[in-house]
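Biologist: Could you walk me through this model, starting with its salt bridges?

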Amino acid sequence: IRQGGENLLSLLDALLDVAGAADSDEVSIPFNSRHKLDGLQGLLNGSGYKRGVEVTIQIEAETVLRGNPTEFRRHVFQILFGLIRSSDEGSSVVMRSEDIDEVLHLSFESRNQESETALPAYVATSARVLAEAFAGKLETRSSANERILRLALPAYGVAEFVNNSVLSAAS
């Protein structure tokens with residue numbers, strides 16, 4: 001009985017260590033991007049509806065990335081939520097994911113009906129952190145009534161990505 005109790009305690013300690021590590025930025029495991037993006041539409045439809053913003057999420061990619069899956073989902077959620085919150089009634093927010101040549105391409109587009117709205121700082125920060133965490137590229141563009149964020153994140157197992165630096169193009 002005593003040995004069984006000690007084994008159970010060791011198992012619980014190991015589980016707590018893994019659970020604690022999952023919340024840290026130091027976790028780096030392979031994961032399917034689609035599994036982390038599925039369900040975002042349902043989470044964000046209510047926020048969009050309350051603000052009168054049409055939310056569309058199109059997930060075509062099943063790219064395997066390496067990094068912290070919890071942080072990946074959190075930053076994508078923050079980008080979308082921030083775009084919804086800063087959009088006018090009658091606007092639209094669209095996110096697309098596709099895999100091109102073993103690179104996950106995430107495109108976020110916000111179109112405002114009434115006036116130009118600047119990209120909120122925390123949205124830009126989440127996009128920049130996401131690009132840096134996954135050794136990807138970021139491009140931002142704003143113009144009258146339109147805000148666009150594009151992220152290119154290399155798939156797990158790709159030997160080298162063309163350029164690991166974060167690109168920021170502002171209009």
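Modeller: Happy to. This is a predicted model, where local features need pLDDT of at least 70, side-chain atom pairs count only at pLDDT 80 or more, and totals for chains, interfaces and linings use all residues. Residues are numbered from 1 along each chain as its sequence is written, and side-chain values use heavy atoms, with hydrogens and water left out.

Biologist: Which side chain meets Arg34 in a salt bridge?

Modeller: A salt bridge here is a side-chain nitrogen of Lys or Arg within 4 Å of a carboxyl oxygen of Asp or Glu. Arg34 has a pair like that at 3.9 Å, N to O, and its partner is Asp38.

Biologist: Is Asp38 buried, partly exposed or exposed?

Modeller: The cut-offs for relative accessible area are under 20% for buried and over 50% for exposed, with partly exposed in between (1.4 Å probe, protein chains only). Asp38 has 37% relative accessibility, so the label is partly exposed.

Biologist: How many salt bridges are there by this rule?

Modeller: Arg34 with Asp38 is one example. Another joins Glu109 and Arg96 at 3.6 Å, N to O. By this rule, the count is six.

Biologist: Which residues are joined into one network by salt bridges that share partners?

Modeller: Take Glu109, which pairs with Arg96. Glu109 also forms a salt bridge with Arg150, the closest N and O atoms being 4.0 Å apart; Arg150 sits in strand S7 and Glu109 in strand S5, 41 residues apart. The network made by shared partners is Arg96, Glu109, Arg111, Glu146 and Arg150.

Biologist: And the sheet: in what order do its five strands come?

Modeller: Strands (E, at least two residues) and helices (H or I, at least four) are DSSP runs numbered from the N terminus, and two strands pair if DSSP finds at least two bridges between them. S4 (residues 92–100) and S5 (residues 103–111), for instance, run antiparallel and are joined by nine bridges. The sheet is open with mixed pairing, and the order is S2-S4-S5-S7-S6.

Biologist: Which strands stand at the edges?

Modeller: An edge strand here has a single partner strand, so one side is left without a neighbour in the sheet. That applies to S2 (54–59) and S6 (137–143).

Biologist: What angle does the direction of helix H4 make with that of S5?

Modeller: H4 (residues 69–85) packs on the sheet, touching S2, S4, S5 and S7, where contact means heavy atoms within 4.5 Å. Axes are lines fitted to C-alpha atoms, for helices over the stretch in contact, and angles run from 0 to 180 degrees between N-to-C directions. For H4 and S5, that gives about 20°.
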